[in-house]
Amino acid sequence: MLNVTLDENELKKLYLEEVRKRIDKIEEETLLIDVKELCRMLSISRPTCEKLFIFNPKFPAMRVGKKWLFHRREVEEYIQKWAIDVRKKGGQVECN
């Protein structure tokens, strides 16, 4: 006879970790993101996002009707280059 015992808390923890991994994978595969997702991705407010990125003509943005959309990979590449430049300039960003 086989006796199996389960720790409910450990099982729940494993389950939630797996769900989070799958959600992260789905998010990574998303081709286009909107302003809300961009702000969440960068952990900044919408006004800051607009000042630093969206209204910057070099930023990889496109307007579809009234909605701003961004190619996720292009945004990630742009942000990596931007972050390097910010660090080279002392790490301070002004949002005037």
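The following exercises, each with a worked solution, concern helix packing, the nonpolar core and selected residues of a predicted model.

Residues are numbered from 1 along each chain as its sequence is written, and side-chain values use heavy atoms, with hydrogens and water left out. Because the model is predicted, local features need pLDDT of at least 70 and side-chain atom pairs count only at pLDDT 80 or more, while totals for chains, interfaces and linings use all residues.

**Exercise 1. The core**

Task: state which residues of the largest nonpolar core touch the most other members, and which elements each supply at least two residues of this core.

Solution. Begin with the term: a nonpolar core is a set of buried Ala, Val, Leu, Ile, Met, Phe, Trp, Tyr and Cys residues joined through side-chain atoms within 4.5 Å, where buried means under 20% relative accessible area, exposed over 50% and partly exposed in between, with a 1.4 Å probe and protein chains only. The largest such core has 15 residues, and Leu-38, Phe-53, Ile-54, Phe-59, Phe-70 and Ile-79 touch the most other members. At least two residues each come from α2 (35-42), α3 (46-54), β3 (67-71) and α4 (72-88); these helices (H or I, at least four residues) and strands (E, at least two) are DSSP runs, numbered from the N terminus. As a last step, take Ile-54 and leave aside its neighbours within four places in sequence: Ile-54 is then in contact (heavy atoms within 4.5 Å) with Val-35, Leu-38, Cys-49, Phe-59, Trp-68 and Phe-70. As general background, nonpolar side chains in soluble globular proteins tend to be buried together.

**Exercise 2. Two helix pairs**

Task: describe how α2 packs with α4 and how α2 packs with α3.

Solution. Two packed helices are described by the angle between their axes and the distance between the axes. Axes here are lines fitted to C-alpha atoms, for helices over the stretch in contact, and angles run from 0 to 180 degrees between N-to-C directions. For α2 and α4 the angle is about 40° and the axes are 12 Å apart. That makes α2 oblique to α4, because angles under 35 degrees count as roughly parallel, over 145 as roughly antiparallel, 65 to 115 as roughly perpendicular and the rest as oblique. From α2, Glu-37, Leu-38, Met-41 and Leu-42 meet Arg-72, Val-75, Glu-76 and Ile-79 of α4. By class, this contact of α2 with α4 has five nonpolar, no polar and three charged residues, where Ala, Val, Leu, Ile, Met, Phe, Trp, Tyr, Cys and Pro count as nonpolar, Asp, Glu, Lys and Arg as charged, and the others, Gly among them, as polar.

Turning to the second pair, α2 and α3 pack at an angle of about 90°, with their axes 10 Å apart, and they are therefore roughly perpendicular to each other. Val-35, Leu-38, Cys-39 and Leu-42 of α2 make this contact with Arg-46, Cys-49, Phe-53 and Ile-54 of α3. The classes in the contact of α2 with α3 are seven nonpolar, no polar and one charged.

**Exercise 3. Val-35 and Arg-72**

Task: decide whether Val-35 is buried or exposed, decide the same question for Arg-72, and list the contacts of Val-35 and of Arg-72.

Solution. Val-35 lies in helix α2 and, with a relative accessible area of 6%, is buried. Not counting residues up to four places away in sequence, Val-35 touches Arg-46, Ile-54, Trp-68 and Phe-70. Arg-72, in helix α4, has a relative accessible area of 7% and is also buried. With neighbours within four places in sequence left aside, the contacts of Arg-72 are Glu-27, Glu-28, Thr-30, Leu-31, Ile-33, Glu-37 and Met-41.

**Exercise 4. Ser-43 and Glu-94**

Task: locate Ser-43 and Glu-94, and state what is notable in the phi of Ser-43.

Solution. Ser-43 lies in the loop between α2 and α3 and is exposed, with a relative accessible area of 67%. Although Ser-43 is not a glycine, its phi is positive, at about 55°. Glu-94 belongs to the segment after α4, and its relative accessible area of 54% makes Glu-94 exposed. Along the chain Glu-94 and Leu-52 are 42 residues apart, while their C-alpha atoms are separated by 8.7 Å.
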